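Student: I should like a close look at one part of this protein, the salt bridges and their surroundings. Please set that part in the context of the whole chain.

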Amino acid sequence: MPLNVFQDKDGLPRIILTEPKGSSAEVLLYGGQIVSWKNQRKEELLFMSSKANWKQHKAIRGGISACFPRFGDLGSLEQLGFARNRMWSLDRDPSPLPPTDNQSSVDIILKSTGVDLKTPRCFEFRLRISLSAGKLILIPRVRNTDNKAFSFSFALCNHLSVSDISEVRIEGLETLDYFDNLMNRSRFTEQADALTFDGEMDRVYLNSPTKIAIIDHEKKRTFVLQKKGMPDAVVWNPWSKKGKAIPDLGDDDYKIMICMSSATIDTPILLKPSEEWMGYQELSTVSSSYCSGQLDPRKVLYGIPLT
């Protein structure tokens, strides 16, 4: 499908993806950031901060962004790698990925420059974003174009829009070990049957499953996150006190967002010269009402047919 590329009112190059059933996605070339994903009913599925500053050339809080090549405290934009603060380009030669004839898709690329010669030295970072009915797919690829090996950590930070964080439930992380960033990265084992929220959370779950369900009771909607090549999962919400201390986050924004990231943090990715790493993430939504028993999240997680 032809690309719809235009300059938005703040002068930023923006790409709009649409598909026949009515869903859409918007991508900024600055930062390679997805700033909107709407379903067929034009409902926004991604969270964007009410204090997002669109006019400055810096990362915008919210949406979906690639955190590369370093990864730290999710609350600090400076810790999330420089890819979010660079101007990307359209990738005219996205091989060896096959063409996406039946999807609305865009391929973008970020190449290392002189100011990025820290870690890694020389690289090509490609990202394919594909939209279809009820589904958003991201395929990140990093190639080492240097003459020395390098290692890096990586994450796709997904800021999802929810009705009320206190009514959100995450299935698929039970019994996993995790690092708690609020307790000096101490390691614990998740004891709860499902993850719920009653305060600030900043955790890195290790060796997480390829499928995770985020259930929003009030909206009767479940986000299904599927991933490959990114074994860890990060869950972050700043809650009230920390949220008020973040300059580009509204005081009450924490109530209507959850940041659920696909990541590789515990074991960094090592690339020798000319080697390429590839990940995969698929976000989809299904109608659900966990409270009324209409949907058992385990049916979503483990592929049991819905009745």
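**The salt bridges and their setting**

Tutor: In this predicted model, the protein chain has 2 helices and 20 strands. Of its 307 residues, 56% are buried. The accessible surface of the chain amounts to about 13600 Å², and carbon and sulfur atoms account for 48% of that area. When contacts between residues at least 6 apart in sequence are considered, 65% of them join residues at least 24 apart.

The salt bridges in this chain number 15. One of them joins the side chains of Arg 126 and Asp 91, with an N to O distance of 2.7 Å. This pair links distant parts of the chain, its two members being 35 residues apart. Arg 126 belongs to strand E8, which spans residues 123-132, while Asp 91 sits in the loop between E6 and strand E7 (104-111). Arg 126 has a relative accessible area of 13%, so it counts as buried, the limit being under 20%. Asp 91 is likewise buried, because its relative accessible area is 11% and falls under the 20% limit.

Arg 126 has a further partner: its side chain also meets that of Glu 124 in a salt bridge, at 2.8 Å from N to O. Glu 124 and Arg 126 are both buried.

Glu 124 leads in turn to Leu 110, a residue of strand E7. With its neighbours within four places in sequence left aside, Leu 110 is in contact with Glu 124, as well as with Phe 123 and Phe 125. The other contacts of Leu 110 in that set are Ala 83, Arg 86, Met 87 and Trp 88. The relative accessibility of Leu 110 is 4%, and therefore this residue counts as buried. Val 142 lies 32 residues from Leu 110 along the chain, and the C-alpha atoms of the two are separated by 9.5 Å.

Arg 84 is found in the loop between strand E5 (64-67) and strand E6 (89-90). Its relative accessibility is 2%, so Arg 84 counts as buried. An unreviewed UniProt entry carries the annotation "binding site" for Arg 61, Gln 79 and Arg 84. Of these residues, Arg 61 is included in the lining of the largest cavity.

A contrast to the buried pairs is offered by Asp 252 and Lys 255, which form a salt bridge whose closest N and O atoms are 3.8 Å apart. Asp 252 is partly exposed because its relative accessible area is 47%, between the limits of 20% and 50%. Lys 255, at 36% relative accessibility, also counts as partly exposed. Elsewhere, Arg 41, Glu 43 and Arg 221 are joined into one network by salt bridges that share partners.

The surface also has a nonpolar feature. Leu 182, Met 183 and Phe 188 form a patch there, and together they have about 250 Å² of accessible area. Met 183 is placed in the loop between strand E12 (177-180) and strand E13 (186-189). Its relative accessibility is 44%, so Met 183 counts as partly exposed.

To return to the part requested, Arg 126 forms salt bridges with Asp 91 and with Glu 124. Through Glu 124, this group is in contact with Leu 110.

Conventions
Residues numbered from 1 in each chain as written. Predicted model: local features only at pLDDT ≥ 70, side-chain atom pairs only at ≥ 80, totals over all residues. Heavy atoms only, no water. Patch = residues over 30% accessible without salt bridge, like charges linked within 9 Å, V, L, I, M, F, W, Y side chains within 5 Å. Areas by Shrake-Rupley, 256 points an atom, 1.4 Å probe, with all protein chains shown as cover. Salt bridge = Lys/Arg side-chain N within 4 Å of Asp/Glu carboxyl O. Helix = DSSP H or I, 4+ residues; strand = E, 2+ residues; numbered from the N terminus. Buried < 20%, exposed > 50% of the residue type's maximum accessible area, 1.4 Å probe, protein only. Contact = heavy atoms within 4.5 Å. UniProt positions renumbered as here; feature names shortened; annotations may be inferred. 1 Å grid on protein atoms, 1.4 Å probe; cavity = no way out; pocket = protein on both sides within 12 Å on 5 of 7 lines; lining within 4 Å.
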